[in-house]
Amino acid sequence: MIKTDIVIIGAGPAACSAAIYTLRAGLKTIMLGGASLGGQLLQTNDIENYPGFIEPVGGFELMDRMHKQCKRLGAEILGETVVKIDTSAKPFKLFTQSGKEYEALSVIIATGAAARWLGAKGEAEYKGKGVSACATCDGFFFRGKEVCVIGGGNTAFEDALFLTNFCTKVYLVHRRAGFRADATTVQKAKNHPKIEMLIPYVVDEIKGENGSVNAAVLKNTQDAALKEVKVQGVFVAVGSVPQTAFLAGSGIETMPDGTVKIVNRTQTTVEGIFTAGDCADAIYRQAVVAAGSGAKAAIDAIAYVNLHK
Ligand code: NAP
């Protein structure tokens, strides 16, 4: 049993920002960041909307800086995945996949969100064999190839632009005429000679040969006509789902969309357990918002611990 004042579940911007506050308040803080230690930002290329960086900063670099800042202040950042929280008694008990047990006076849940998949035929079969949800991680393998990106949000557009560094052709497939992505990024993609927009289409099937993708069958959302594009890669960028399934049965309730339910300020349905970042945010889901909400959760957790220590 490892005892601490605060356990922060996560290691992304919300978790790091929370840790900076709890550490500077003199509270022993352990961050259990799961296997990826840094979440979605690690899969982001150039971030241009995080204050303090005059030039775009890479997602990996930004996360690395945050982790180093937390460590300098005394955080322990561990690649442990929390599978269960026992809230029936205080201090709270947390159990990890590797069989470790932690005891904490307060917990901040900042587990973020993970890629949403399409559920199309062939998608699961060809995952890792041409189907990917991470252009940053896998784009390099598609040098000289033709690929499609599915989605109309910032991720899809940024992925499409990033993939032009390697690919000869990038189809951006979106199900309707409007985009969620910001106008500047949309315009950059529209102006790019390697990017072709295929709208309004959804993926009907991903086909392959000899164990790797060789085509995507698209269905027109207006007239249901099918169109096959010869691509060797399909990058799925259709949003994310909050990583909160492990909370089931803990008393920490979630909303119908999977985000952590907040009852007061940043407090969850269990007093002493707080939440921040994309796991509790169905609307904004920005690194800077996550960082801000991490500070808020920490301020609430510090007040709670100081009252109950
Ligand atoms: P998003 O904004 O939720 O966009 C998801 C896109 O996928 C939408 O265009 C949606 O279409 C489409 N979609 C959803 N389910 C689909 C399905 N089953 N089949 C086909 N298309 C489907 O997700 P995101 O792009 O990952 O962005 C998430 C958040 O992070 C956003 O707030 C975004 O602004 C932010 N973000 C910011 C940056 C940046 O600022 N640098 C970079 C990346 C992400 P509809 O529009 O028709 O619903």
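Select helix α4 (residues 154–163) and colour what covers its buried residues: the surroundings include α3 (135–138), β11, β12, α5 (183–191), β13 and β17. This is a predicted model. Seven of the 10 residues of α4 are buried, so the helix counts as mostly covered. Label A156, F157, D159, A160, L161, F162 and L163 to see the buried ones. A general point helps when turning the view: an α-helix has 3.6 residues a turn, so residues three or four places apart point the same way.

**The sheet under α4**

Now show β10, β17, β11, β12 and β13. These five strands make an open sheet, in the order β10-β17-β11-β12-β13, with parallel pairing. At its edges are β10 (131–132) and β13 (195–198), each of which pairs on one side only. Helix α4 packs on this sheet and touches β11 (146–150), β12, β13 and β17 (233–236). The direction of α4 makes about 165° with that of β11.

Go next to β12 (residues 169–173). Is this strand mostly covered or uncovered? Four of the five residues of β12 are buried, and the strand is mostly covered. Five bridges tie β12 to β11 in parallel, and four bridges tie β12 to β13, also in parallel. Pick Y171 to see both pairings: C148 stands opposite Y171, and in β13 the bridge partner of Y171 is E196.

**The ligand**

Select the ligand and the residues around it. There are 18 of them, and the closest are N49, T155, E158, R176 and R180. Three side chains are worth a distance label:

- T155: a side-chain N or O atom is 2.8 Å from an oxygen atom of the ligand.
- R176: a side-chain N or O atom is 2.7 Å from an oxygen atom of the ligand.
- R180: a polar side-chain atom lies 2.6 Å from an oxygen atom of the ligand.

**The three-stranded antiparallel sheet**

Move on to β14, β15 and β16. They form an open sheet in that order, with antiparallel pairing. β14 (201–209) and β16 (226–229) are the edge strands; each has a single partner strand, so one side of each has no neighbour in the sheet. On average, neighbouring strands here are turned by 25° against each other, direction ignored. Eight bridges hold β14 and β15 (residues 212–220) in the antiparallel sense. To find the register, select K207, whose bridge partner in β15 is A215.

**Two hairpins around β7**

Select β6 (residues 82–86), which is joined to β7 by four bridges and runs antiparallel to it. The two strands form a hairpin with five residues between them. I85 stands opposite L94 in β7.

Now keep β7 (residues 92–96) and ask which of its residues lie on the covered face. They are F92, L94 and T96, while K93 and F95 make up the uncovered face.

Add β8 (residues 101–109), joined to β7 by four bridges and antiparallel to it. F95 has E101 as its bridge partner in β8. The hairpin of β7 and β8 has four residues between the strands, and in it G99 takes a positive phi near 95°.

**The largest nonpolar core**

Colour I6, I8, M31, Y50, L62, C70 and I108. These have the most contacts inside the largest nonpolar core, which has 35 residues. β1 (2–9), α1 (13–24), α2 (59–72) and α6 (287–308) each supply at least two residues of this core. Which of these elements gives the most? It is α6, with nine residues.

Centre on I6 and show its contacts, leaving aside neighbours within four places in sequence. The list is T22, L27, K28, T29, I30, A104, S106, I108, A301 and V305.

**A buried glutamine in a loop**

Finish at Q267, in the loop between β18 (240–242) and β19 (273–275). Why does Q267 count as buried? Its relative accessible area is 16%, and buried means under 20%. Show K261, I262, G272, I273 and F274 as well: Q267 touches these residues, not counting those up to four places away in sequence.

Definitions and conventions. Residues are numbered from 1 along each chain as its sequence is written. This is a predicted model: local features need pLDDT of at least 70, side-chain atom pairs count only at pLDDT 80 or more; totals for chains, interfaces and linings use all residues. Side-chain values use heavy atoms; hydrogens and water are left out. A nonpolar core is a set of buried Ala, Val, Leu, Ile, Met, Phe, Trp, Tyr and Cys residues joined through side-chain atoms within 4.5 Å. Buried means under 20% relative accessible area, exposed over 50%, partly exposed in between (1.4 Å probe, protein chains only). Contact means heavy atoms within 4.5 Å. Two strands pair if DSSP finds at least two bridges between them. Axes are lines fitted to C-alpha atoms, for helices over the stretch in contact, and angles run from 0 to 180 degrees between N-to-C directions. A residue is near a molecule or strand if one of its heavy atoms lies within 4 Å of it. A polar contact is a pair of N or O atoms within 3.5 Å; within protein, one must be able to donate a hydrogen and the other to accept it, and residues adjacent in sequence count only if both atoms are side-chain atoms.
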